[in-house]
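Here's a quick briefing to read with the model open next to you. It starts with the whole chain, moves on to a sheet and ends on a single side chain.

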Amino acid sequence: MISLHHLKAGDTVITSYAGVEKPGKILQVDHEDKKVLVATDNDTNEFWYDLDNLHSIPLDEATLLRLQFHLDANQSGNGKGKLYVRGPFSVRVHDQGNQPLLQLHYRDETRNLNAPITLNELQNHYHGMTNFHLE
């Protein structure tokens, strides 16, 4: 289950209703009622979901590539992990067991993360570091 305080407008999550799962974008978070308004089906359907009906998207290579990151082969490998770059923002994914596991870098700021994160958490880090939303 997703933690409510990790969710922000613009984040991408998986919705689940009546056994059907769909990706969607968060439009609004109601902290009082603990519900989240999500747009699915290319923003044509908007529904309020309980936290039990929302799932995070794991952050993996396919997700990074879909977000227009590209693998920098020159700075990847040789024990340095894989480096994915999108403009001045980069994500270095180290092999399992290394500390840090992930390293996020933007201009003069670097964040070292010791545990795997999800897509919505990456979107929140990206926004916090760049002041732009990652879509």
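**Overall build**

For 135 residues, a compact globule would come out with a radius of gyration near 14 Å, and the protein chain has 16 Å, which agrees. Keep in mind that this is a predicted model. Taken along the principal axes, the C-alpha atoms fill a box of roughly 45 × 30 × 25 Å.

**Surface and contacts**

- Of the 135 residues in the protein chain, 41% are buried.
- The chain's accessible surface is about 8,000 Å², and carbon and sulfur atoms account for 47% of that.
- Take the contacts between residues at least 6 apart in sequence: 31% of them join residues at least 24 apart.

**Secondary structure**

- You get two helices and 10 strands in the protein chain.
- Going along the sequence, the pattern reads β-β-β-β-β-α-β-β-β-β-β-α.

**The β6 to β10 sheet**

- As general background, strands of a sheet pair through backbone hydrogen bonds, either parallel or antiparallel.
- Here, five strands make an open sheet, ordered β6-β7-β8-β9-β10, and their pairing is antiparallel.
- At the edges sit β6 (70-71) and β10 (109-113), each of which pairs on one side only.
- Helix α2, covering residues 119-130, packs on this sheet. It touches β7 (82-86), β8 (89-93), β9 and β10, and its direction makes about 30° with that of β9.
- Zooming in on one pairing, β9 (residues 102-106) and β10 run antiparallel to each other over five bridges.
- If you want a residue pair to look at there, try L104, whose bridge partner in β10 is R111.

**A closer look at S76**

- Where does S76 lie? It's in the loop between β6 and β7.
- Is S76 buried or exposed? Its relative accessibility is 15%, and buried means under 20%, so S76 counts as buried.
- The S76 side chain has a polar contact with the backbone oxygen of D72, at 2.7 Å.
- That side chain also reaches the backbone nitrogen of L83, at 2.9 Å.
- Which residues does S76 touch, leaving aside those up to four places away in sequence? They are L71, G81, K82 and L83.
- Putting the loop residue back in context, L83 is thus both a residue that S76 touches and the one whose backbone nitrogen its side chain reaches.

Notes:
Residues numbered from 1 in each chain as written. Predicted model: local features only at pLDDT ≥ 70, side-chain atom pairs only at ≥ 80, totals over all residues. Heavy atoms only, no water. Pairing = 2+ DSSP bridges. Helix = DSSP H or I, 4+ residues; strand = E, 2+ residues; numbered from the N terminus. Contact = heavy atoms within 4.5 Å. Axes fitted to C-alpha atoms, helices over the stretch in contact; angles between N-to-C directions. Rg over C-alpha atoms; globule rule 2.2 N^0.38 Å. Buried < 20%, exposed > 50% of the residue type's maximum accessible area, 1.4 Å probe, protein only. Areas by Shrake-Rupley, 256 points an atom, 1.4 Å probe, with all protein chains shown as cover. Polar contact = N/O pair within 3.5 Å; in protein donor to acceptor, adjacent residues only side chain to side chain.
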